[in-house]
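Biologist: Could you take me closely through one helix in this model, its packing partners and the residues that make the contacts, and then set it against the rest of the chain?

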Amino acid sequence: MGATAGRGARGASGSPAPAPPLAGAPLPGGFPVPGAPAPSAPALYGRAPHGSDLGDPDAPGPAPAGGPAERVPFTGEPTRHGRAPHGPAPEGPAAGERIGRTRPRTPLRRSSVREQVLDALRAALVTGELRPGEIHSAPALGECFGVSATPVREAMQQLALEGAVEVVPNRGFRVVRRGARELAELAEVRALIEVPVLLRLARTVPAERWARLRPLAEATVRAAASGCPAAYAESDRDFHRAVLALTGNDELVRIAADLHRRAQWPPAGDPVVRARADLMADAHEHTALLDALITGDPEAVRVLASGHFGTAP
């Protein structure tokens, strides 16, 4: 697989105008940060000034020389030592409701934008809009998406953990160059994990449960027919994830999904996006494999699964 689509925004190393938005769902603009008045600063060690932590917490303490005592209102937040001014923080629903009303919700919104940017960048890797060897800066990509650099940088850092990009100090992130050998190794590892699991599931999972996966297998055929590599990559992962989920092993599903995603990135030097005919052939292997699982034919499952991963003898 390779790249024929637009190249995306350049990083600090180039000067071309920002490229059109990358593949993926439209991204919202930046969110305003909801303002919230800063709570009154708690007293040192969680005690009200000039007051006592015993007895009635609302009773005023003795006034210091030169003026009346100043009360520190309870804000619902713990102090440095875990105690609230004038006594412990209230427990139960009332405390939770107070925190829910006073804490800003910006982190939740930013996380949502980060996930959308991450999905778009992953799709751009599959379609070749992010070409191997290119360097992209977070501010430049943020302009393409209409968001700040922060969620883009966080998404790129996640891709760095996944091995898709590498950090280039003071410049941005470089799309990793991958060769055919790495793709072959990923396919071999996937086969070592998934083929034995499929054979075990073929002996233990009843036909009616396999039949429930028919819509997912057919969805891969429709996605392949559309000719969109990103749409097919997503439906392909959905089908394999649903099959492995029948094991009830969440760690297995997570590890296999990570390997699968990495196997979908095109290698360096391949200028052509995966052809529609190749996508269709791959998708029909899903339906054939599902048919063998429904009929309970372990040998057919072994041959089809091995061929699907390109490791057939």
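Modeller: In this predicted model, the axes of helix α8 and helix α9 (residues 250–263) come within 10 Å of each other and cross at roughly 155 degrees. Because that angle is over 145 degrees, α8 counts as roughly antiparallel to α9. The crossing of these two helices is right-handed. On the α8 side the contact is made by Asp236, Arg237, His240, Arg241, Leu244 and Ala245, and on the α9 side by Val253, Ala256, His260 and Arg261. Sorted by character, the residues of this contact fall into four nonpolar, two polar and four charged.

The helix you asked about, α8, spans residues 229–245, and it also packs on helix α10, which covers residues 276–295. Here the axes are 11 Å apart and the angle is about 15 degrees, so that α8 and α10 run roughly parallel to each other. In this case the crossing is left-handed, whereas that of α8 with α9 is right-handed. From α8, Pro229, Tyr232, Asp236, Phe239 and His240 meet Leu279, Asp282, Ala283 and His286 of α10. The residues of this second contact divide into five nonpolar, two polar and two charged.

Two residues of α8 are worth following one at a time. Leu244 lies within α8 and takes part in the contact with α9. The relative accessible area of Leu244 is 3%, and since anything under 20% counts as buried, Leu244 is a buried residue. Setting aside residues up to four places away in sequence, Leu244 touches Glu194, Val197, Val253 and Ala256. Of these, Val253 and Ala256 are among the α9 residues of the helix contact, while Glu194 stands 50 residues from Leu244 along the chain, with a C-alpha separation of 7.8 Å.

His240, also found in α8, is named in the contact with α9 and again in the contact with α10. His240 is likewise buried, at 7% relative accessibility. Its side chain and that of His286 are joined by a polar contact of 3.3 Å, and His286 is one of the α10 residues that α8 meets. Apart from neighbours within four places in sequence, His240 is in contact with Arg190, Glu194, His260, His286, His308 and Phe309. His260 in that list belongs to the α9 side of the packing, and Glu194 is a residue that Leu244 touches as well. Arg190 and Glu194 fall within the span of helix α5, residues 180–204.

Helix α5 also holds Arg200, which is partly exposed, with a relative accessible area of 40%. Arg200 is separated from Pro298 by 98 residues in sequence, yet their C-alpha atoms are 8.8 Å apart in space.

For a second packing geometry to set beside that of α8, helix α3 (residues 138–145) is useful. Six of its eight residues are buried, so α3 is largely enclosed by the rest of the structure; the buried residues are Ala138, Ala140, Leu141, Gly142, Cys144 and Phe145. At the start of α3, a side-chain oxygen of Ser137 comes within 3.2 Å of the backbone nitrogen of Ala140, and just after the helix Gly146 adopts a positive phi of about 75 degrees. The axes of α3 and helix α4 (residues 149–162) are 8 Å apart and make an angle of about 115 degrees, so these helices are roughly perpendicular to each other. Their crossing is right-handed. Ala138, Pro139, Leu141, Gly142 and Phe145 of α3 meet Ala149, Val152, Arg153 and Met156 of α4, and the residues of this contact divide into seven nonpolar, one polar and one charged.

The chain as a whole gives the setting for these helices. Its secondary structure comes to 11 helices and three strands, and from the N terminus on the elements follow the order α-α-β-α-α-β-β-α-α-α-α-α-α-α. Of the 313 residues in the chain, 37% are buried. Among contacts between residues at least 6 apart in sequence, 74% join residues at least 24 apart; the contact of Leu244 with Glu194, 50 residues apart along the chain, is one example of such a pairing.

Terms used
Residues numbered from 1 in each chain as written. Predicted model: local features only at pLDDT ≥ 70, side-chain atom pairs only at ≥ 80, totals over all residues. Heavy atoms only, no water. Buried < 20%, exposed > 50% of the residue type's maximum accessible area, 1.4 Å probe, protein only. Helix = DSSP H or I, 4+ residues; strand = E, 2+ residues; numbered from the N terminus. Polar contact = N/O pair within 3.5 Å; in protein donor to acceptor, adjacent residues only side chain to side chain. Contact = heavy atoms within 4.5 Å. Axes fitted to C-alpha atoms, helices over the stretch in contact; angles between N-to-C directions. Parallel < 35°, antiparallel > 145°, perpendicular 65-115°, else oblique. Left-handed = near helix turned anticlockwise from the far one by under 90°. Nonpolar A, V, L, I, M, F, W, Y, C, P; charged D, E, K, R; others polar.
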